[in-house]
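Me: I'm new to reading protein structures and would like to practise on one. Could we go through it together, one small puzzle at a time?

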Amino acid sequence: MTLSAGWYLRRLSRMGPREVGGRVGDAVRRRRWRLSLPDCPDVTGARFTAVLPADVIAAVPAAAAKRLIAEADRLMAGHVEYFGVGRDDLADPDWWYDPKTGRRAPWGYAFDVPYRNEDAVGDIKQIWELSRHQYLTVLAAAYALTGNERYAERVAEHLRLWWAANAPLRGVHWISGIELGIRLLSWVWIRRLLDGWAGAAALFEDNPVARNQIWHHQRWLAAFPSRGSSANNHIIAEAAGQLAAACAFNWFPSSVRWRDGALRSLERHLRGNTFDSGLNRELATEYHGLVLELGLAAVAEADAADVPVPASLRLTLLRMTDALAAVVDGRLRPPRQGDADDGHGLIVDGAGTDRWGSLLATGDAVFGRLDWWPAVTGTDVRTPLLAALIKPTELSVTRPVSRPHHFADAGLTILRGPDGIWCRCDGGPHGFLSIAAHAHADALAVEVRHDGVDVLADPGTYCYHGQPEWRQYFRSTLGHNTLQLDGEDQSVSGGPFLWTRQARTRVLVADAPDEGVATWCAEHDGYQGSVHRRRVELAPDVRELRVVDEVRGPRRSARLAFHLGPAIAAELDGNRAELTWTRDGEDRSAVLDLPGQLTWRAHRGESGPPLGWYSAGFGQKEPATTLVGTGFADGAAPSGEFTTVLRFRG
């Protein structure tokens, strides 16, 4: 996708004067850096001292170790899958190749590479993911657990190949700060996990090529931080990687300056990216997970280096952990809100490890669990490693005495019922910062699960670049369980990561008593001239969820959508749908009574235009049933109110 002049004007309009000035300075710096590349300072006597305590590896649970080693063996055999695309060339990878499109990114000065243009470069996410080197942290962890040197030797081989093929400022891997930050964090953990290997020092601190790469990565991050309207999860990754490298690889004259600057940036932006309630301000749950992983890993590095960490930074991570514990369902699945691209901060676990259970386990080890936290039954490798480095710290904070159900600043409410009935109601801000990059047009959307199964589902994200019609669908109002008027989105998109007008939402009621009916009500002004108000009631004694939509304003065409999860089979008869599914070998069912004023139709796997899809992970989509009712909403007539009732059978 090539961005138009109009996009650049719209993007510029969302920036303030300070951000514009900073970006002008960045442009000047990029031109200057094209002309000359400084040498890495000479370093003598470099040592790596940020090692794990001696007994930590023995504390890794056997089941987690088994999963990790199985994953490492798949990688050693050359097999890996990113975003639904498998590749079998990992024994000798091509660092610029996109297996999805078959294209190869061009060589040249990094800032000349048109990375947003899939026709010229390929799918940039496919190309970048391998070079985050998180598959190498898995191999390094396998060495640490087994002592088998073949894992260490493969890591060393690939790092040397990558360093030789990706000289500083040359090619696609020197474009984006988040990539450099995560890569640095991976390198720190690779060195730590290889510490028992005889070749570790020769690979890193005694290797001038490695030192040159590490220095240039840090120089880049210090020069080109994400700014202003782009200071979201990217700036967290940049600061976390910079802090980790400056603490663990503290070999350079600028190391202390880089370390202190990164710590200040991390504290400021982590706090700025997080609501007081603990939820991430991007209102995109997977980025909550990414930012929490990055923050915990960064604190681990500072503590390992005896660098004082502001209490405010630890408090933010504590609030984030408590918030995560509050919003997950009975199977430890969090909401599927906003964008999700399967990004991780640190990977040292094998396939099948529960990401969210792992984060809660780490939170328990570092901060201590509260009585209302859900139980974590799974195991992971990462928790004992991080917990061994993060210092126990007394924090002056009042934590929730019971499980929160309403996060007023984020506008997120969780209603719960028997048999694992879980309902997320969205009444929060559209997104974060002026561009709300990872937001969806999903005001007043609901997401409903039964024992962890998506019944009324958030369809997900699927893609970012290269397929604009699919990007538009998965972030559209019609692509969520809410009401669309006149065929328009509630908020106006100006590009794949840009919203030029954002709906304003307010929550009117959020009441979830211990007994009786739980009620939520909110409204938004996204449809100019009309107000959409939605009321949700969950009656636990009869396992019934009632959704009432009201439109105040002139008569307008309306489409009300309910997206079913991929496990749900639906039989639609008029305005009633019989829903069936299986969970753990047991048949389950529900009935969905839909508003009779609308004409209902089931859609599944349609592509012209897209409708009836579910994306379980980035780059993946599968057909799923979407029920769409069409008609008119008239605020002055009975047709302006629509009632939907979902009843779960016992």
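Reply: Happily; what follows is a set of questions and answers about this predicted model.

Me: How many disulfides are there by this rule?

Reply: A disulfide is a covalent bond between the sulfur atoms of two cysteines. Take Cys-423: its closest cysteine sulfur is in Cys-425, at 3.8 Å. The cut-off is 2.5 Å, so that pair is too far for a bond. The disulfide count is 0.

Me: Is Cys-425 buried or exposed?

Reply: A residue counts as buried under 20% relative accessible area and as exposed over 50%. Cys-425 has a value of 0%, and Cys-423 also comes out at 0%. Therefore the word for Cys-425 is buried.

Me: Which are the edge strands of the sheet with the order E8-E15-E24-E19?

Reply: This is an open sheet of 4 strands with antiparallel pairing. An edge strand here pairs on one side only. Residues 483-485 form one of them and residues 599-604 the other, which gives strands E8 and E19.

Me: Which residue stands opposite Leu-485 in E15?

Reply: E8 and strand E15, residues 556-563, run antiparallel and are joined by 3 bridges. Across from Leu-485, in E15, we find Ala-558.

Me: How is H13 placed relative to H16: roughly parallel, roughly perpendicular or oblique?

Reply: Two packed helices are described by the angle between their axes and the distance between the axes. For helix H13 (residues 285-304) and helix H16 (residues 382-389), the axes come within 8 Å and cross at roughly 40°. Angles under 35 degrees would be roughly parallel and 65 to 115 roughly perpendicular. The crossing angle therefore makes H13 oblique to H16.

Me: How many nonpolar residues does the contact of H13 with H16 have?

Reply: H13 brings Glu-293, Leu-296, Ala-297, Ala-300, Asp-303 and Ala-304, while H16 brings Arg-382, Leu-386 and Leu-389. By class, 3 of these residues are charged and none is polar. The nonpolar residues number 6.

Me: Where does Phe-497 lie?

Reply: Strands E9 (residues 492-495) and E10 (residues 498-501) pair in the antiparallel sense over 3 bridges. A hairpin of 2 residues links E9 to E10. Phe-497 lies in the loop between E9 and E10.

Me: What separates the C-alpha atoms of Phe-497 and Ser-230?

Reply: Leaving out residues up to four places away in sequence, Phe-497 touches several others, including Asp-339, Ile-435, Tyr-464 and Arg-475. Ser-230 is 267 residues from Phe-497 along the chain. In space, their C-alpha atoms are separated by 9.9 Å.

Me: Is Leu-332 buried or exposed?

Reply: Leu-332 sits in the loop between helix H14 (311-327) and helix H15 (355-367). Its phi is near 65°, a positive value in a residue other than glycine. The relative accessible area of Leu-332 is 9%, and the limit for a buried residue is under 20%. So Leu-332 is buried.

Me: And is Asp-584 buried or exposed?

Reply: Most residues other than glycine have a negative phi. Asp-584, in the loop between strand E17 (576-583) and strand E18 (586-593), has a positive phi near 55°. Its relative accessibility is 63%, and exposed means over 50%. Asp-584 therefore counts as exposed.

Me: Which peptide bond is cis, with omega near 0°?

Reply: Most peptide bonds are trans. To find this cis one, look at the loop between strand E20 (606-607) and strand E21 (610-611), where Pro-609 has its place. The cis bond is the one from Gly-608 to Pro-609.

Conventions: Residues numbered from 1 in each chain as written. Predicted model: local features only at pLDDT ≥ 70, side-chain atom pairs only at ≥ 80, totals over all residues. Heavy atoms only, no water. Buried < 20%, exposed > 50% of the residue type's maximum accessible area, 1.4 Å probe, protein only. Pairing = 2+ DSSP bridges. Axes fitted to C-alpha atoms, helices over the stretch in contact; angles between N-to-C directions. Parallel < 35°, antiparallel > 145°, perpendicular 65-115°, else oblique. Contact = heavy atoms within 4.5 Å. Nonpolar A, V, L, I, M, F, W, Y, C, P; charged D, E, K, R; others polar.
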